[in-house]
Amino acid sequence: MSDPRHDDKTTGPEGPEAPLHRRGIKSYVLRAGRMTQAQTRGLEEVWPRLGLTLDDGRQDLATLFGRRAPVVLEIGFGMGASLVEQAERHPETDFIGIEVHAPGVGKLLDEADKRGLTNLRVYREDALAVLEQCLPEASLDTLQLFFPDPWPKKKHHKRRIVQPTFVELVRGRLKPGGTLHMATDWEAYAEWMAEVMQAAPGFANTAEPETAPYVPRPEFRPLTKFEARGEKLGHGVWDLIFRRVD
């Protein structure tokens, strides 16, 4: 997947304060890609067991996973390597991933099945619709948004997922004390994220004064191949972690 709003002050169902999917604006672009045999297997054989859709409705997460445990939601998991690693490393935690691109969903499902993971479920849906329609209030311990599409051109800023309405929706789905963890390799988008979050009610930045508004990369966030390659080229990465305080 993959900002103060545009100067347009229009409100109402189609104005800037409406959820993105209701305005017909997508924060992602569906990209065509060839499916490998493993990815196809994931979608055809594993999806019936680990896949979820909007039609499944509002979830009771304890029933979904068969236990009460901390729940982490990741939006835009790409090819899924980081999310699978987290789920395998933390069997005491339940994970939900959202991704719209079929190859990534298929790859994650294939890997999850090969590793015998039971603490992972997947949506191939618009993330905002999942948050609104499928997840209960105060049900998440953490929401992760790693390297969303920065939409760098100013005319495309309205497509950025990090906007006030998104942040307010996330706040409602986080438990009190739950965290929103974002990471980006675009400094301008990091600044945008910080500005949106600092203006958002009900959140507190967890960063120490010497690094604020950012935090050093936490050890619990796996280093992706993309990020490691960027580090070798001298590219920066900015992490932000905000806690729900009400």
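Two strands are taken to pair if DSSP finds at least two bridges between them, and helices (H or I, at least four residues) and strands (E, at least two) are themselves DSSP runs, numbered from the N terminus. With that in place, I can begin with one position in the sheet, where Leu180 stands opposite Phe242 in β8.

Before I go further, a word on the source: this is a predicted model, in which local features need pLDDT of at least 70 and side-chain atom pairs count only at pLDDT 80 or more, while totals for chains, interfaces and linings use all residues. Residues are numbered from 1 along each chain as its sequence is written, and side-chain values use heavy atoms, with hydrogens and water left out.

Now the overall picture. The protein chain contains 8 helices and 8 strands, and of its 246 residues 53% count as buried, where buried means under 20% relative accessible area, exposed over 50%, and partly exposed in between, with a 1.4 Å probe and protein chains only. The accessible surface of the protein chain comes to about 12000 Å², with 51% of that belonging to carbon and sulfur atoms; these areas come from the Shrake-Rupley method with a 1.4 Å probe, and for residues only the protein chains shown count as cover.

Let me turn to the sheet. The 8 strands form an open sheet with mixed pairing, in the order β1-β4-β3-β2-β5-β6-β8-β7, and its edge strands are β1 (51-52) and β7, each of which pairs on one side only. If you follow β8, you will find 6 bridges to β6, in the antiparallel sense, and 3 bridges to β7, again antiparallel. On the β6 side, Thr179 has Arg243 of β8 as its bridge partner, whereas Phe242 of β8 is also the bridge partner of Asn205. β8 is mostly covered, with 6 of its 7 residues buried.

What packs on this sheet? Helix α3 (residues 81-89) does, touching β2 (71-75), β3 (94-98), β4 (120-123) and β5 (140-146), and its direction makes about 170 degrees with that of β3. Helix α6 lies across β2, β5, β6, β7 and β8, running at about 140 degrees to β6. For these angles, axes are lines fitted to C-alpha atoms, for helices over the stretch in contact, and the angles run from 0 to 180 degrees between N-to-C directions; contact itself means heavy atoms within 4.5 Å.

Helix α7 (residues 187-199) has 13 residues and reaches 19 Å from its first C-alpha to its last, close to the 18 Å expected at 1.5 Å a residue, the expected span being 1.5 Å times one less than the number of residues. Its buried residues are Tyr189, Ala190, Trp192, Met193, Ala194, Val196 and Met197, and what covers them includes α6 (164-173), β6 (174-184), β7 (203-205) and β8 (238-244).

A further buried position is Leu108, which sits in helix α4 and has 0% relative accessibility. Leaving aside neighbours within four places in sequence, Leu108 is in contact with Phe77, Met79, Gly80, Leu83, Val84, Leu120 and Val122. The C-alpha atoms of Leu108 and Gly42 are separated by 7.4 Å, although the two residues are 66 apart along the chain.

Finally, the charged pairs. A salt bridge here is a side-chain nitrogen of Lys or Arg within 4 Å of a carboxyl oxygen of Asp or Glu, and by this rule the count comes to 17. In one of them the side chains of Arg49 and Asp113 meet at 2.4 Å, N to O, linking helix α1 (residues 37-50) with helix α4 (residues 102-114) across 64 residues of chain. Arg49 is partly exposed at a relative accessible area of 47%, and Asp113 is partly exposed at 23%.

A second pair joins Glu137 to Arg173, the closest N and O atoms being 2.8 Å apart; Glu137 is in the loop between α5 (127-133) and β5, and Arg173, 36 residues apart from it, is in helix α6. Here Glu137 counts as exposed at 55% relative accessibility, whereas Arg173 counts as buried at 7%.

In a third pair, Arg221 and Glu227 have their closest N and O atoms 2.7 Å apart, and Arg221 is buried at 1%, as is Glu227 at 3%. Lastly, salt bridges that share partners join Arg41, Glu45, Arg49, Asp110, Asp113 and Lys114 into one network.
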